[in-house]
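Hi,

Here's the structure I promised to pass along. Have a look at it first, and my notes come right after.

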Amino acid sequence: MASWAALSPSIVEYFEGEDSYRCGYCKNESGSRSNGMWAHSMTVQDYQDLIDRGWRRSGKYVYKPVMNQTCCPQYTIRCRPLQFQPSKSHKKVLKKMLKFLAKGEISKGNCEDEPMEPTMEDTVAGDFGLINKLDIQCDLKTLSDDVKESFESEEKKKGRSPKKEESKELIQSQHIEEKLGSGEPSHPIKVHTAPKPGKGADLSKPPCRKAKEIRKERKRLKLMHQNPAGELAGFQAQGEPPSLFQPKANKSNQPKSLEDLIFESLPENASHKLEVRLVPVSFEDPEFKSSFSQSFSLYVKYQMAIHQDPPDECGKTEAENPPHGPDCGYGSFHQQYWLDGRIIAVGVIDILPYCVSSVYLYYDPDYSFLSLGVYSALREIGFTRQLHQKTSQLSYYYMGFYIHSCPKMKYKGQYRPSDLLCPETYVWVPIEQCLSSLENSKYCRFNQDPEAVDEGRSKEPDRLQVFHRKAIMPYGIYKKQQKDPSEEAAVLQYAGLVGQVCSERMLLLRN
């Protein structure tokens with residue numbers, strides 16, 4: 001019989017209505033609005049489908065901005081790593097890191113960093129901090145036992161034993177037995193050339209070619225015109241038709257790939273050593289457990305220095321001992337950046353069926369001069385490309401939210417090519433097609449087809465799954481037992497936000 005962890009579905013507790021709070025971007029005292037739910041457990045497939053509908057998690061709290069009402073609309077943004085080429089400013093950051101590692105050089109001037117998310121009082125960053133404003137009294141062990149009992153009972157009624165599901169737990173069961181390595185590729189990955197916007201470039205226009213490249217191209221064409229027989233720059237195409245002759249490519253003239261820039265070899269007497277380790281978020285993992293104290297101390301230092309939080313507000317998660325999850329490579333991970341034997345940064349990421357999702361980054365403020373926000377994002381893009389080699393459907397890098405109305409958050413549009421999620425039809429639209437509309441209005445529907453609708457919308461709410469009094473049942477049956485008219489409004493609101501597929505797969509906890 002399959003273990004309980006393998007059977008566990010997502011269990012969520014939805015909070016009716018909309019929450020208003022102070023905006024962390026424009027500082028409006030009550031302008032930020034969102035819907036939210038608490039995830040007692042969450043499978044990676046359900047979370048993948050939720051973020052493709054504009055949801056995002058902070059710890060176990062999952063929230064969705066009310067896009068047409070919130071003061072600073074937050075559009076889900078994803079980068080296409082397979083076509084990604086670093087921009088000029090990205091290359092500067094990578095070269096700055098290499099110089100520091102090789103010679104200990106510290107660049108002077110502005111040390112601008114670009115954390116993947118700014119401080120927001122409505123959310124608590126990373127996996128160390130859980131939402132403390134929500135007072136939820138719920139015995140998770142009893143809840144798990146109740147769901148297990150109900151689930152097994154349903155399977156027996158159908159005349160079959162419970163089978164191991166393919167969906168993997170993300171939040172309740174974060175124990176991952178199979179590590180995915182250090183994040184360093186075994187060989188360079190071939191990518192297609194993509195736009196390389198520089199800092200401050202007009203993102204709506206195509207990138208300009210370098211004058212040097214243009215001159216070389218003109219010279220090559222001129223020589224080919226002067227030597228129709230195939231004699232080019234002193235070389236003869238032996239036995240080949242002139243039309244098939246190609247001059248041997250000069251490797252030094254080819255643009256370096258992201259991997260070439262990240263993993264450029266260092267001298268034997270390098271001043272520093274940087275190692276990136278991928279660690280599952282689980283106290284049952286020895287590497288996570290042994291480094292937890294150092295990692296948490298870094299988190300507190302970061303919160304106090306960058307976000308001015310007092311030490312007693314940097315909440316520490318208690319060690320959870322969830323049942324063993326499936327032996328897989330999905331879930332929540334920490335990418336630890338070890339410099340000379342100690343952790344200087346931690347990137348919290350979720351590895352999902354179709355993407356790597358960046359959750360948060362915290363780092364030692366003493367190393368701000370290395371632009372660790374940008375550097376870690378580039379490493380995560382490279383890591384996504386590496387995972388794609390083994391899992392072809394995993395081919396996107398989600399960067400959280402793009403906020404066009406907040407200058408500090410517009411930098412995410414520099415990771416090209418990238419797409420924004422239409423807040424009405426939930427289709428992905430290239431960012432270049434969205435920018436002109438966002439210049440005119442904070443809130444935009446990116447899908448230009450006026451007839452297009454949300455294909456994943458809730459069409460049959462009665463099929464929504466409810467967990468009530470130790471029993472799992474469709475909402476169509478549950479609602480017949482309820483007399484409170486406000487109950488239906490809350491359930492239908494939830495169904496509309498999560499969509500038909502998730503509403504049938506996740507269990508909505510009702511007390």
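Below is what turned up when I went through it, from the whole chain down to a single glycine.

One caveat up front: this is a predicted model, so please read everything here in that light.

Overall picture first. The protein chain carries 11 helices and 15 strands. Of its 511 residues, 52% are buried. Its accessible surface is about 25,200 Å², with carbon and sulfur atoms accounting for 49% of that. If you take contacts between residues at least 6 apart in sequence, 74% of them join residues at least 24 apart.

Now the inside. The largest nonpolar core is made of 97 residues, and the ones with the most contacts inside it are Met37, Ile351, Tyr415, Leu420, Phe446, Tyr494 and Met506. Helix α8 (residues 372–390) supplies the largest share of this core, with eight residues. A second core of seven residues sits apart from that one, and its members include Tyr25, Cys71, Ile403 and Met409. As a general background point, nonpolar side chains in soluble globular proteins tend to be buried together.

Phe446 is worth clicking on. Setting aside neighbours within four places in sequence, Phe446 is in contact with Tyr75, Leu420, Leu421, Cys422, Pro423, Val429, Cys434 and Leu438. Leu420 in that list is also one of the residues with the most contacts inside the largest core.

On to empty space, which I guess you'll want for your own work. There are four cavities of 30 Å³ or more. I looked at the second largest, which holds about 80 Å³ of space. It has 13 lining residues, and those closest to the centre are Gly54, Met67, Gln74, Leu421 and Pro423. Two of these names, Leu421 and Pro423, are also contacts of Phe446. Strands β4 (61–65) and β5 (75–79) are the elements that give two or more residues to the lining. Sorted by class, the lining has eight nonpolar, three polar and two charged residues.

Last stop: is Gly31 buried or exposed? Gly31 sits in the loop between β1 (11–21) and β2 (32–41). Its relative accessibility is 11%, and buried means under 20%, so Gly31 counts as buried. Beyond its neighbours within four places in sequence, Gly31 is in contact with Tyr21, Gln69, Thr70 and Cys71. Gln69 is 38 residues away from Gly31 along the chain, yet their C-alpha atoms are separated by 8.3 Å. Cys71, another of those contacts, belongs to the seven-residue core as well.

Cheers

Terms used: Residues are numbered from 1 along each chain as its sequence is written. This is a predicted model: local features need pLDDT of at least 70, side-chain atom pairs count only at pLDDT 80 or more; totals for chains, interfaces and linings use all residues. Side-chain values use heavy atoms; hydrogens and water are left out. A nonpolar core is a set of buried Ala, Val, Leu, Ile, Met, Phe, Trp, Tyr and Cys residues joined through side-chain atoms within 4.5 Å. Buried means under 20% relative accessible area, exposed over 50%, partly exposed in between (1.4 Å probe, protein chains only). Helices (H or I, at least four residues) and strands (E, at least two) are DSSP runs, numbered from the N terminus. Contact means heavy atoms within 4.5 Å. On a 1 Å grid over the protein atoms alone, a cavity is a set of points where a 1.4 Å probe fits but cannot get out, and a pocket is an open set with protein on both sides within 12 Å along at least five of seven lines; lining residues have an atom within 4 Å of a point. Grid points are joined across faces, edges and corners, and a volume is the space filled by probe spheres set on the points. Ala, Val, Leu, Ile, Met, Phe, Trp, Tyr, Cys and Pro count as nonpolar, Asp, Glu, Lys and Arg as charged, and the others, Gly among them, as polar. Accessible areas come from the Shrake-Rupley method with a 1.4 Å probe; for residues, only the protein chains shown count as cover.
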